[in-house]
Structure formats: structure tokens, C-alpha cells
Amino acid sequence: MLNSKIKKIYFFFVFFFLCFLPVSVLALDTVDSTSEFYVNDYANILSTETEKYIMDHSSALDQETDAQIVVVTIPSLENNSLEEYATTLFRKFGIGDGQENSGLLLLLALEERQMRVEVGYGLEGILPDAKTGRIQDTYMIPYLSEDNFDEGILNGYKAFFQEIASYYDFSGEIEEPVEEETDGDIFDFFFFFFELGMLGLVIYFLIHNRNGRGTGMFMGGSFSSFGGGSSFGGFSGGGGSSGGGGSSRGF
């Protein structure tokens, strides 16, 4: 009789634990790339024509350059953070999994209305975080904010494809994306003057130190970086196929 009660209590606690086990972990574990690999429309928001366009172009780019562009849409993040989900998915799919790690993931979470561009460290030189953000603002968000998901994904895909294909001198077809005017232009305007001011500050310290009046140090270290590494580096990191670079947007 006692053993029976103990078993009931045991199964109760097991059931209780499973009920509160994060669904996000289980959900992400069950997400696998489809047979198409380059386009995985789990949210069912892309047209057949768009899926075919992505498939054909990503496949051709991969064969010629080894660079991979993968599009994934999901119904929900299931309590994951967008960045964590994108990084895990990037590595699980093995996007751009080669010596150069030249992969790019476009991830859209429908319920949360969030978009993430995850960049493999092999492409971070041509697609830094600020640039991926501007591409989203210009070519994707205007469509996504109006629930035109198919056109927004396709237009953004064309913009990223153009950047990568041009860098690798891709011999196939490269279409121009449609540029939409957004408030991002104002941000770029102020960002330009911010960069100009920073450049002037660096020049000032260089001249100041050359004249022998400075200490030879800038922000606690040399001019080589803001925290170590290469010139003005240290802004992104990570391991595996993804370097942790990219940008996120809500729509």
C-alpha cells in the first residue's frame, strides 16, 4: 500500500516537472531543415514562386562559391530569445559549414513579429551588423510591417544575395531589390556625422601624441582596438559556423 502511494507521488512530480519543462527547448530540438534546405517556411507565409526563387538562386550560389543563404520562417519563438534561436538554428543546420564559414540566415518569427539576420564570420567583413540592419530597414521592414511577408522576405533576400554574389563575382543572374524610403535614412545621416566626429577625435589624439604632449594611450590602451584584437575590433564573437554577427528588427 505504501509503495503504491510512493509511486503515485513519484508520477505526480514527474508529470508536474514535464508540464513546466520549457517548451522552447523541445520545440527548437524538433526543428530540422527541410529537404530543400535553403528555404524552410514553417510559418507557411511564402508563395511557391518565392520558395522556388530562393531555392534556385541559393543552390546556384552555393555550387559556385560555397556561400549559403538560408531562409527560415517559424510560427513562434516558443519563449526563446530571437538571437539565441537564430544562433542555435544556424549551427544546427550547419549553414555555411566550410573552411570559410560563409553562411547567412534570414529568420522570421511570425507571432513575435521579429526578424533576425545571422551572419557567419566568413561574411562579416562584407556584411557587418550596421549594414545588415540598414538592409532590413530599407528592403524588408516596410513590407513586413504591412503583413506583406512574402514580398518582404523576397526583397530582402535579393538585397543580401546581391551583396554576397557581387563579392564572389557570381556569374549567374543578380536582380536588384526594390528600395523603400524609411526613417533609417535619418539614422544613417546622424550616424555619418557620428563616425566623422570619431575620426576627427582619433586624428586629434594622433597629432597630440606625435607632438609629445600625450601619453601615447587612448581609452586605456593603444589605438589598435577598444578591447583587444585587430584595429577597432572586438565588436562580435562566438564560435561554430556563426560568428554571432547580424542584426534584429521588429515589424
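# Aromatic cluster, helices and salt bridges of a predicted model

Y53, Y157, F161 and F170 come together in one aromatic cluster. The coordinates belong to a predicted model, and every value below is computed from it. Above the face of Y53 lies K158, at 5.3 Å from the ring centre. The structure as a whole contains six aromatic pairs. One of them joins F161 to F170 in an edge-to-face arrangement, with 5.7 Å from centre to centre and 90° between the planes. Both partners are shielded from the probe: F161 is buried, and F170 is buried as well. Another edge-to-face pair is made by Y167 and Y168, whose ring centres are 5.0 Å apart and whose planes meet at 85°.

The helix α6 covers residues 149–167. Its 19 residues reach 27 Å from the first C-alpha to the last, close to the 27 Å expected at 1.5 Å a residue. Of these 19 residues, 15 are buried, and α6 is therefore largely enclosed by the rest of the structure. After α6 comes D169, which has a positive phi near 55°.

A second helix, α4, can be examined in the like manner. It comprises twelve residues, 82–93, which should span 16 Å at 1.5 Å a residue; the C-alpha atoms at its ends are 16 Å apart, so the expectation and the model agree. The buried residues in α4 are L82, Y85, A86, T87, L89, F90 and F93. Just beyond the helix, G94 adopts a positive phi of about 70°.

From T87 of this buried set, a contact leads to a strand. The side chains of T87 and E118 are joined by a polar contact of 3.3 Å. E118 belongs to strand β4, which runs over residues 114–120. Its relative accessibility is 0%, and because the limit for a buried residue is under 20%, E118 counts as buried. The polar contact thus has a buried residue on the strand side and a buried residue on the helix side.

Charged side chains provide a further set of links. A search of the whole structure finds six salt bridges, and three of them are described here. In the salt bridge between D56 and K52, the closest N and O atoms are 2.7 Å apart. Both residues lie in helix α3 (residues 48–65), and because they are four residues apart there, about one helical turn separates them. D56 is partly exposed, with a relative accessible area of 40%, whereas K52, at 52% relative accessibility, counts as exposed.

The next salt bridge reaches across the chain. R113 and D147 meet through their side chains at 2.9 Å, N to O. This pair links distant parts of the chain, 34 residues apart: R113 is in the loop between β3 (103–109) and β4, while D147 is in the loop between α5 (129–144) and α6. R113 counts as partly exposed at 28% relative accessibility, and D147 likewise counts as partly exposed, at 44%.

Another connection is formed by R249 and D137, a salt bridge in which the closest N and O atoms are 2.8 Å apart. R249 lies in strand β5 (residues 242–250) and D137 in helix α5, so the salt bridge ties together parts that are 112 residues apart in sequence. R249 is partly exposed, its relative accessible area being 28%.

The backbone deserves a final look. Most residues other than glycine have a negative phi. Against that background, D147 has a positive phi of about 65° although it is not a glycine. D147 therefore combines this backbone angle with partial exposure, at a relative accessible area of 44%, and with a place in the loop between α5 and α6. N44 is also not a glycine and has a positive phi, of about 55°. The loop that holds N44 lies between β1 (39–41) and α3. With a relative accessible area of 64%, N44 is exposed, whereas D147 is partly exposed.

Methods. Residues numbered from 1 in each chain as written. Predicted model: local features only at pLDDT ≥ 70, side-chain atom pairs only at ≥ 80, totals over all residues. Heavy atoms only, no water. Helix = DSSP H or I, 4+ residues; strand = E, 2+ residues; numbered from the N terminus. Expected span 1.5 Å × (residues − 1). Buried < 20%, exposed > 50% of the residue type's maximum accessible area, 1.4 Å probe, protein only. Polar contact = N/O pair within 3.5 Å; in protein donor to acceptor, adjacent residues only side chain to side chain. Phe/Tyr/Trp six-rings, centres within 6.5 Å; stacked < 30°, edge-to-face > 60°. Lys NZ or Arg CZ within 6 Å of the ring centre and 35° of its normal. Salt bridge = Lys/Arg side-chain N within 4 Å of Asp/Glu carboxyl O.
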